[in-house]
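Visitor: I have the model open and a list of "why do you call it that" questions. Could you take me through them?

Guide: Gladly, let's begin.

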Amino acid sequence: QVQLVESGGGLVQAGGSLRLSCAASGSIFSINAMGWYRQAPGKQRELVAAISGGGTTNYADSVKGRFTISRDNAKNTVFLQMNSLKPEDTAVYYCNADLKVVYYRPAVNYWGQGTQVTVSS
């Protein structure tokens, strides 16, 4: 049983910072890409940032220069450092991982339960 558990969300004023963490646990053989998505009320879930197994990153245009994604492969953990937060960053943030539980099976996509980030103006 694989679980992705997020932490670090909360309420912050505009211009402030938050750091999200997501730890993958359970029977894991390997993890490929990991990423963060967000969903604001009434909007579709969107990609915020992603990082490959080799460390290549990509970001949504709206967060470039403000957010930084990183990962600790030894701990199966991905982080999202969010600086200069804006009210429009308010959303539920979801962790995502593409991983294998055994070497001979294809990778499967997993989601965390989500963590609320609220930025007040």
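Visitor: What makes lysine 64 and aspartate 61 a salt bridge?

Guide: This is a predicted model, and in it the closest N and O atoms of lysine 64 and aspartate 61 are 3.1 Å apart. The cut-off is a side-chain nitrogen of Lys or Arg within 4 Å of a carboxyl oxygen of Asp or Glu, so a pair at 3.1 Å qualifies. Lysine 64 and aspartate 61 are both exposed.

Visitor: Why would such side chains pair?

Guide: Because side chains of opposite charge can pair when their charged atoms come close.

Visitor: How many salt bridges does the structure hold, and which residues are linked in a network?

Guide: There are four salt bridges, and the network links Arg38, Glu46, Arg66 and Asp89. Arginine 38 bridges to glutamate 46, with the closest N and O atoms 2.7 Å apart. Arginine 38 also meets aspartate 89, at 2.9 Å from N to O. That second pair links distant parts of the chain, with aspartate 89 in the loop between β8 and β9 and arginine 38 in strand β4, 51 residues apart.

Visitor: Why is arginine 38 called buried or exposed?

Guide: Arginine 38 has 6% relative accessibility, and buried means under 20%, so arginine 38 counts as buried. Aspartate 89 is buried as well.

Visitor: And what about glutamate 46: why does its relative accessible area put it in one class or another?

Guide: Its value is 35%, which lies between the 20% limit for buried and the 50% limit for exposed, so glutamate 46 is partly exposed.

Visitor: What makes the phi of asparagine 76 worth pointing out?

Guide: Phi of asparagine 76 is near 50°, a positive value in a residue other than glycine. Asparagine 76 is found in the loop between β7 (67-72) and β8 (77-82). At 24% relative accessible area, asparagine 76 is above the 20% limit and below 50%, so the label is partly exposed. Serine 84 likewise has a positive phi near 50°, and lies in the loop between β8 and β9 (91-100).

Visitor: How do you know that β7 and β8 are paired?

Guide: Pairing needs at least two bridges, and six join β7 to β8, so these antiparallel strands count as paired. One of the partnerships is serine 70 with phenylalanine 79 in β8.

Visitor: What makes β1 and β7 edge strands?

Guide: The open sheet has four strands in the order β1-β3-β8-β7, with antiparallel pairing. β1 (3-7) and β7 each have a single partner strand, so one side of each is left without a neighbour in the sheet. The twist averages 15° from one strand to the next.

Visitor: Do the same test for β4: which strands join it by bridges?

Guide: Eight bridges join β4 to β9, and five join β4 to β5. Both numbers meet the minimum of two, so β4 pairs with each, in the antiparallel sense. Tryptophan 36 stands opposite alanine 49 in β5, while isoleucine 31 has leucine 99 of β9 as its bridge partner.

Visitor: Which residues have the most contacts inside the largest nonpolar core?

Guide: That core has 28 residues, and those with the most contacts are Trp36, Val48, Phe67, Val78, Leu80, Met82 and Tyr93. β9 gives the most to this core, with five residues. Beyond its neighbours within four places in sequence, valine 78 is in contact with residues including Leu20, Met34, Trp36 and Cys95.

Definitions and conventions
Residues are numbered from 1 along each chain as its sequence is written. This is a predicted model: local features need pLDDT of at least 70, side-chain atom pairs count only at pLDDT 80 or more; totals for chains, interfaces and linings use all residues. Side-chain values use heavy atoms; hydrogens and water are left out. Buried means under 20% relative accessible area, exposed over 50%, partly exposed in between (1.4 Å probe, protein chains only). A nonpolar core is a set of buried Ala, Val, Leu, Ile, Met, Phe, Trp, Tyr and Cys residues joined through side-chain atoms within 4.5 Å. Contact means heavy atoms within 4.5 Å. Axes are lines fitted to C-alpha atoms, for helices over the stretch in contact, and angles run from 0 to 180 degrees between N-to-C directions.
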